[in-house]
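The following exercises are intended for a reader meeting this structure for the first time. Each task is followed by a solution in steps.

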Amino acid sequence: MNDRDRLSAITVNLGLFSNIVLSILKTTVGIIGHSPALLADGINSSSDVIYYVAVKIFMIQARKPADEEHPYGHRQLESIAAIVVGAFILTTGIAIFWDSINKVYELASGSATSQSSSLWALVIAVGTFLLKLYLYNYTRRSTKKTGNPTLKALANDHFNDIMASLAVIFGLIMGKLGFLWMDPAAGAVVAIYIIKTGFEILKDGSGELMDSVPDPEFSKQVKELAMRVSGVRGIEELGLHRFGPHFLINITICLDGEISVRCGHDISEQVEKELFNFYGSSLSKVNIHYHPHNI
C-alpha cells in the first residue's frame with residue numbers, strides 16, 4: 001500500500017469509527033430524550049456507517065493493479081464509491097425530510113403531542129458539531145494530498161453534518177423555549193442539507209466517470225501549453241479520461257499540411273513533453289492526433 005492509499009484508508013477508518021459511535025449515541029438519546037431532530041441526525045449517521053463500509057470495499061478493490069481486462073487499473077472504483085456515497089445520502093435525506101414534515105404537521109394540527117427534549121440531546125448535538133468540524137478539516141486536508149474523489153465526497157458529507165448539527169442545536173434550544181414544533185422542523189432542515197449534498201456528490205462522481213473536463217480553466221491551460229510548441233497552429237479536440245488520482249489527455253492538434261509525417265511526429269512529441277513537464281506524475285498518458293491546418 002503506497003502513501004496515498006494509506007492516508008485514504010486512515011481517513012475512511014476514522015470516519016467509520018466516528019459514525020458508529022455517533023449513530024449509537026444520537027439514535028439512543030434522540031429516542032430517550034424525545035428529540036426528533038437528533039433522532040433524524042442519528043438515522044443519518046447510521047446510513048453513514050453503511051456506506052462507509054461500502055466505500056472501504058470499493059477502495060480496497062481500487063488498489064488492485066492493472067490486468068488484462070483493466071489495462072488502466074481499477075482506480076475508477078474511487079469515483080464509483082463516491083456515487084455510492086451520494087446515493088445513500090440522497091435517499092436518507094428524502095426519508096428524513098418526509099418524516100420530519102409529517103411530525104411538524106401533526107403538532108401544528110393538534111393530532112399529536114410532544115414534550116421538551118432532554119439536556120443530553122443538546123450536549124450530544126454540540127459534541128457532534130465539534131467532532132464533525134474536526135473530521136471535515138482532516139478529510140479535506142487528506143483530499144488535497146491524495147486527490148481521491150471518494151474522500152472529497154466524504155468531506156462534503158462531513159460539512160453537511162456540520163450544518164445539520166447546527167440545525168439540530170437550534171431546534172433543541174427553541175424546543176426548550178416552548179416552540180416544540182421547531183425540533184422536528186430542524187429535522188426537515190437537516191434533511192434539506194442532506195439532499196443537497198447527495199445531489200452534489202452524485203453530480204461530481206458522474207462527471208468524472210463520463211470524462212468531463214474539470215473546468216474551462218483546465219481546458220484553456222492544456223491548450224495554451226500545446227500552443228507553446230513551435231509548429232502547432234491550433235487545437236481541434238480535447239478530451240480527458242480519469243483513473244483515480246491520474247488522468248489521460250486526448251488531444252488533436254493542427255499542423256502545417258505540407259510538413260512531413262516525421263516532422264509532425266516530432267512536434268507531437270514536443271507537445272507531449274510540454275504537458276508532462278507541467279502536470280508531472282498526475283498525468284499518466286497523452287494521446288495526440290494531428291490534422292492539417294486549414295488556412
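**Exercise 1. A positive patch**

Is Arg141 buried, partly exposed or exposed, and why?

*Solution.* The model is a predicted one. Step 1: the relative accessible area of Arg141 is 44%. Step 2: buried means under 20% and exposed means over 50%, with partly exposed in between. Step 3: Arg141 is therefore partly exposed, because its relative accessible area is 44%. Step 4: as to its place, Arg141 belongs to helix H4, which covers residues 119-146. Step 5: Arg141 also takes part in a positive surface patch, together with Arg140, Lys144 and Lys145.

**Exercise 2. The course of the chain**

State how many helices and strands the chain has, and give their order.

*Solution.* Step 1: the secondary structure consists of 8 helices and 3 strands. Step 2: along the sequence, these elements follow the pattern α-α-α-α-α-α-α-β-β-α-β. Step 3: the chain has 295 residues, and buried residues make up 43% of them.

**Exercise 3. A nonpolar patch**

Identify the residues of the nonpolar surface patch, then locate and classify Phe179.

*Solution.* Step 1: the patch is made by Ile173, Leu177, Phe179 and Trp181, and its area is about 420 Å². Step 2: Phe179 is situated in the loop between helix H5 (149-176) and helix H6 (182-209). Step 3: the relative accessibility of Phe179 is 40%, so this residue counts as partly exposed.

**Exercise 4. An aromatic pair**

Describe the aromatic pair formed by Tyr136 and Phe159, and determine which parts of the chain it ties together.

*Solution.* Step 1: the count of aromatic pairs comes to 2. Step 2: in the pair of Tyr136 and Phe159, the distance is 5.5 Å centre to centre and the angle between the planes is 45°. Step 3: planes under 30 degrees apart would count as stacked and those over 60 as edge-to-face, so the pair is tilted. Step 4: because Tyr136 lies in helix H4 and Phe159 in helix H5, the pair ties together parts that are 23 residues apart in sequence. Step 5: Tyr136 counts as buried, at 17% relative accessibility, whereas Phe159 counts as partly exposed, at 41%. Step 6: Tyr136 can also be compared with His158, which is 22 residues away along the chain; their C-alpha atoms are separated by 5.1 Å.

**Exercise 5. Salt bridges**

How many salt bridges does a search of the whole structure find? For each one, name the partners and their places in the chain.

*Solution.* The search finds 3 salt bridges. Side chains of opposite charge can pair when their charged atoms come close.

Step 1: Lys132 and Asp161 meet through their side chains at 2.9 Å, N to O. This pair links distant parts of the chain, with Lys132 in helix H4 and Asp161 in helix H5, 29 residues apart. Both Lys132 and Asp161 are buried.

Step 2: the side chains of Glu274 and Arg228 form a salt bridge at 3.3 Å, N to O. Glu274 lies in helix H8 (residues 261-279) and Arg228 in the loop between helix H7 (216-227) and strand E1 (234-243), so that 46 residues separate the two in sequence. Glu274 counts as partly exposed at 23% relative accessibility, while Arg228 is exposed, with a relative accessible area of 57%.

Step 3: Arg233 and Asp256 form a salt bridge at 3.6 Å, N to O. Arg233 lies in the loop between H7 and E1, and Asp256 in the loop between strand E2 (246-255) and H8, so the pair ties together parts that are 23 residues apart in sequence. Arg233 is partly exposed, with a relative accessible area of 40%; Asp256 is also partly exposed, at 27%.

**Exercise 6. A residue of helix H8**

Is Ser268 buried or exposed, and what is its C-alpha distance from Val229?

*Solution.* Step 1: Ser268 lies in helix H8. Step 2: the relative accessible area of Ser268 is 9%, so Ser268 is buried. Step 3: Ser268 and Val229 are 39 residues apart in sequence, and their C-alpha atoms are 8.9 Å apart in space.

How values were computed. Residues numbered from 1 in each chain as written. Predicted model: local features only at pLDDT ≥ 70, side-chain atom pairs only at ≥ 80, totals over all residues. Heavy atoms only, no water. Patch = residues over 30% accessible without salt bridge, like charges linked within 9 Å, V, L, I, M, F, W, Y side chains within 5 Å. Areas by Shrake-Rupley, 256 points an atom, 1.4 Å probe, with all protein chains shown as cover. Salt bridge = Lys/Arg side-chain N within 4 Å of Asp/Glu carboxyl O. Lys, Arg positive; Asp, Glu negative; His and termini not counted. Charge placed at Lys NZ, Arg CZ, Asp CG, Glu CD. Helix = DSSP H or I, 4+ residues; strand = E, 2+ residues; numbered from the N terminus. Buried < 20%, exposed > 50% of the residue type's maximum accessible area, 1.4 Å probe, protein only. Phe/Tyr/Trp six-rings, centres within 6.5 Å; stacked < 30°, edge-to-face > 60°.
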